[in-house]
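The following exercises treat salt bridges, nonpolar cores and surface patches. Please study the sequence and the structure before reading each solution.

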Amino acid sequence: MKIKLGKNQPLPKYQTSGSAAFDLCATADTNLDSSVHMMDLEIACEIPQGYYGKLVVRSSMAKRGIMLAHGTGIIDSDYRGNIKAPIYSRAAGGSRIEKGERIVQLLICPVEQVQLEVVEELQETDRGAGGFGSTNGPQKTMRFNGSTYGLIPTNEWSCELCAFCGKEGSAGIDCMDYEQIICHGEFGVWQELDKKDPA
């Protein structure tokens with residue numbers, strides 16, 4: 001795949017023989033807060049037709065509270081401009097990234113375009129319209145600092161990063177049936193709601 005690089009983006013490479021993506025580096029020292037910072041990664045790609053680029057944050061960045069504002073970036077094969085990363089920090093005190101630090105990774109993935117057909121009815125399935133965790137099994141309503149948060153799958157909470165203060169290792173599980181989940185940050189405590197209390 002042909003690429004063009006600016007002076008601040010080193011030649012990307014796959015870090016191991018089994019790596020699915022190659023890393024891209026920060027092109028400037030940047031202090032991040034909750035505002036979105038659009039970082040020009042100083043790389044443009046000639047992605048082959050039939051493929052697209054998927055830009056995702058590195059897991060080491062996510063552990064520090066650094067996120068992509070749109071979650072995952074999609075780069076079309078006919079785009080020829082520089083790839084940019086809309087990044088921000090969800091950490092309570094903000095985050096700093098250094099120039100040359102590997103912050104995001106780019107996957108090159110196959111894709112197909114489909115023909116769209118408008119119909120009145122769709123083919124029925126066993127799942128039907130079930131979504132938003134409908135296949136995760138039993139769920140429990142949780143409360144945070146006295147306010148109802150919503151349904152959380154009882155078999156899907158493995159948090160290394162507090163969803164509220166962004167500190168690494170700040171959220172943990174006391175027991176798998178979620179009698180109590182403690183947030184060790186500054187925001188408070190998760191607790192399972194009494195099923196009789198709809199508030």
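**Exercise 1.** Determine whether L11 is buried or exposed, and state which surface patch contains L11.

*Solution.* Step 1: L11 has a relative accessible area of 67% and is therefore exposed (buried means under 20% relative accessible area, exposed over 50%, partly exposed in between; 1.4 Å probe, protein chains only). This is a predicted model, in which local features need pLDDT of at least 70, side-chain atom pairs count only at pLDDT 80 or more, and totals for chains, interfaces and linings use all residues. Residues are numbered from 1 along each chain as its sequence is written, and side-chain values use heavy atoms, with hydrogens and water left out.

Step 2: L11 is located in the loop between β1 (2-5) and β2 (22-25) (strands are DSSP runs of E, at least two residues, and helices are runs of H or I, at least four, numbered from the N terminus).

Step 3: Together with M1, I3 and L5, L11 makes a nonpolar surface patch of about 370 Å².

**Exercise 2.** Identify which residues touch the most other members of the largest nonpolar core.

*Solution.* Step 1: A nonpolar core is a set of buried Ala, Val, Leu, Ile, Met, Phe, Trp, Tyr and Cys residues joined through side-chain atoms within 4.5 Å.

Step 2: The largest such core has 24 residues, of which L41, L55, I97 and I103 touch the most other members. Among the elements that give two or more residues to this core are β6 (51-57), β9 (84-89) and β11 (102-110).

Step 3: The contacts of I103 (heavy atoms within 4.5 Å) include L24, M39, L41, V57, I87 and I97.

**Exercise 3.** Explain which parts of the chain are tied together by the salt bridge between R102 and D23.

*Solution.* Step 1: A salt bridge is a side-chain nitrogen of Lys or Arg within 4 Å of a carboxyl oxygen of Asp or Glu. In R102 and D23, the closest N and O atoms are 2.5 Å apart.

Step 2: Because R102 lies in strand β11 and D23 in strand β2, the pair ties together parts that are 79 residues apart in sequence.

Step 3: D23 is buried at 7% relative accessibility, whereas R102 is partly exposed at 30%.

**Exercise 4.** State which acidic residues form salt bridges with R96.

*Solution.* Step 1: D29 meets R96 in a salt bridge at 3.6 Å, N to O. D29 is in the loop between β2 and β3 (30-32), and R96 is in strand β10, 67 residues apart.

Step 2: E98 also forms a salt bridge with R96, with the closest N and O atoms 3.0 Å apart.

Step 3: R96 is partly exposed, with a relative accessible area of 36%.

Terms used
Patch = residues over 30% accessible without salt bridge, like charges linked within 9 Å, V, L, I, M, F, W, Y side chains within 5 Å. Areas by Shrake-Rupley, 256 points an atom, 1.4 Å probe, with all protein chains shown as cover. Lists of a residue's contacts leave out its neighbours within four places in sequence.
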